[in-house]
2 protein chains.
Amino acid sequence: MKKTRTETNQTIQRVIEISRQQFTEKGYANVALEEIVNEAQLTRGVIYHHFSNKKGLFLAVFEEVQKDIGKQIEIEAMKSDDLWEQLLNGCRAFLVSASETQNQRILLIDGPAVLGWDTFRKMDQEYAMNSLKEHLQLLLEEGIISPVSSIDALTHCLSGAMNEAALWIAESSNRPKTIQESMDTLQTLLNGYRM
Amino acid sequence: MKKTRTETNQTIQRVIEISRQQFTEKGYANVALEEIVNEAQLTRGVIYHHFSNKKGLFLAVFEEVQKDIGKQIEIEAMKSDDLWEQLLNGCRAFLVSASETQNQRILLIDGPAVLGWDTFRKMDQEYAMNSLKEHLQLLLEEGIISPVSSIDALTHCLSGAMNEAALWIAESSNRPKTIQESMDTLQTLLNGYRM
DNA sequence: TACAATAACATACATACTGTATGTATGTAA
DNA sequence: TTACATACATACAGTATGTATGTTATTGTA
């Protein structure tokens, strides 16, 4: 029964991976916990023990998705020293990553409804919006963008635009094309702020 | 049992109204059909008869929300003859309407997850995006905005920005302020396209 | 007007899923 | 070695949805 910490962590990770796949494929509401634990060759007791309930499991998966995407954005943004380029690189990385099948549904479709708005917002802020906001603030201070009536409003609008673009890209039959078109669009929109 | 057509339509409408309130207040997943029919002083048979299942009921409510918002947008946009002003008026009307409690949750949070992406997208297109796209197309043809690499991409980005702004407005403690800030932001972003 | 068909609404039943309570086995620390 | 805590398993209970069937009254037709 009881296992080493390493083994336990492996169990936890395996449950998360399997859940991620199942939630991605069928959506949260259509996945019974029994399916997940069957695939993991465990029983449901594990889930309640380690994650409290189904929602807790989803939260763990959601966090994993957010971390993956955040990492991608970080890597891509840092490929340039230029603040404006960093912003665009980050946008592109987000589009590429969030539009991938294994991230899209959990992050953008099921996330808000399953977690409830408050929790979703809190995590969205922690993993995505705060750094976007800081970056926009930097651009403002460096005089790269013109004074905004609200940095918060810009952060939210830009974030929303990217979320929707990611969903659009995900459903398109030509990913490279729609990614590029989305980037062109975001760039032109942001040129409204460019000094 | 059987009733006149008028009475039946009244029953249907009453079930939709009650559902709308309940879904708004608690979210789709946390409302049992029993609660809805109890309030309506009916039984669950009614729902299965008229709406097929719980999801069908939600779809009816969702459509009602979309129609309400679409109507608001139409009214507000038509308050100007100027195509650009019409766009902005429409944006504002959307923000005001979609950020209202009784619309926000059903439209923006539960909609995609409950209906499934394909259905949600189809209805979103029918009720919102197609007219936004047409309007942007008009602006393009009248030379008011500069040539875009993709009218679709712009439509999606703008739509996404507004959806997110509506959610942000809904959670703020000063609605008029955040509505104005969002409008300022949308306007500046769109100025990237202004000729 | 009478009657048959249909549909609006109700009820009974079955099933699936989540969560709770409890049990078992084992690692770790003293 | 023993006590404790925990990882995992099992049994049970409750809730919610959906399906099948029943009842009643309107509507359409002759």
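Reader: Hi! Which atom of DNA strand C is 3.2 Å from an N or O atom in the side chain of Tyr48(A)?

Author: Hello! That is a base nitrogen of the strand. Such a pair is a polar contact (N or O atoms within 3.5 Å; inside protein, one must be able to donate a hydrogen and the other to accept it, and residues adjacent in sequence count only if both atoms are side-chain atoms). Before we go on, this is a predicted model, where local features need pLDDT of at least 70 and side-chain atom pairs count only at pLDDT 80 or more, while totals for chains, interfaces and linings use all residues. Residues are numbered from 1 along each chain as its sequence is written, chains are lettered from A and ligands numbered from 1 in the order written, and side-chain values use heavy atoms, leaving out hydrogens and water.

Reader: Good to know. What touches the phosphates of strand C, say around His50(B)?

Author: A polar side-chain atom of His50(B) is 2.9 Å from a phosphate oxygen of DNA strand C. Thr43(B) uses a polar backbone atom instead, 2.6 Å from a phosphate oxygen of that strand.

Reader: How many residues surround strand C?

Author: There are 21, and the closest are Lys54(A), Met1(B), Thr43(B), His49(B) and His50(B). A residue is near a strand if one of its heavy atoms lies within 4 Å of it. By class, the surface near strand C has eight nonpolar, seven polar and six charged residues. Here Ala, Val, Leu, Ile, Met, Phe, Trp, Tyr, Cys and Pro are nonpolar, Asp, Glu, Lys and Arg are charged, and the others, Gly among them, are polar.

Reader: And which element gives the largest share of the surface near strand C?

Author: H3(B) does, with four residues. At least two residues each come from H3 of chain A and from helix H1 (5–26) and H3 of chain B. Helices are DSSP runs (H or I, at least four residues; strands are E, at least two), numbered from the N terminus.

Reader: Now DNA strand D. Which residues come nearest to it?

Author: Of the 23 residues around strand D, those are Met1(A), Thr43(A), His49(A), Met1(B) and Lys54(B). Tyr48(B) reaches a base, with an N or O atom of its side chain 3.3 Å from a base nitrogen of the strand. Thr11(A) has a polar side-chain atom 2.9 Å from a phosphate oxygen of strand D, and a backbone N or O atom of Arg5(B) lies 3.5 Å from a phosphate oxygen there.

Reader: What part of the strand D atoms within 4 Å of the protein belongs to sugar or phosphate?

Author: It is 59%, with the rest in bases. For strand C, 62% belong to sugar or phosphate. On the protein side, H3(A) gives the largest share of the surface near strand D, four residues.

Reader: Changing topic: how are chains A and B related?

Author: A rotation of 180 degrees, with 0.0 Å of shift along its axis, superposes chain B on chain A with an RMSD of 0.1 Å. The two copies are thus related as by a two-fold rotation axis. Superposition is by least squares on the C-alpha atoms of residues with pLDDT of at least 70 in both copies. In chain B, Gly192(B) comes closest to the axis, its C-alpha 1.8 Å away.

Reader: What is the secondary structure of chain A?

Author: Chain A has nine helices and zero strands. Of its 195 residues, 52% are buried, meaning under 20% relative accessible area (exposed is over 50%, partly exposed in between; 1.4 Å probe, protein chains only).

Reader: Is Arg121(A) buried or exposed?

Author: Buried, with a relative accessible area of 5%. Arg121(A) sits in helix H7 (residues 117–141) of chain A. Leaving out residues up to four places away in sequence, Arg121(A) touches Met129(A) and His156(A), plus Glu164(B), Leu167(B), Trp168(B) and Glu171(B). A contact means heavy atoms within 4.5 Å.

Reader: Last one: how many disulfides does the structure hold?

Author: Zero over all chains. A disulfide is a pair of cysteine sulfur atoms within 2.5 Å. The sulfur of Cys91(B) has its closest cysteine sulfur in Cys157(A), 9.7 Å away, so they are too far apart for a bond. Cys157(A) is buried, with a relative accessible area of 1%, and Cys91(B) is buried with 1%.
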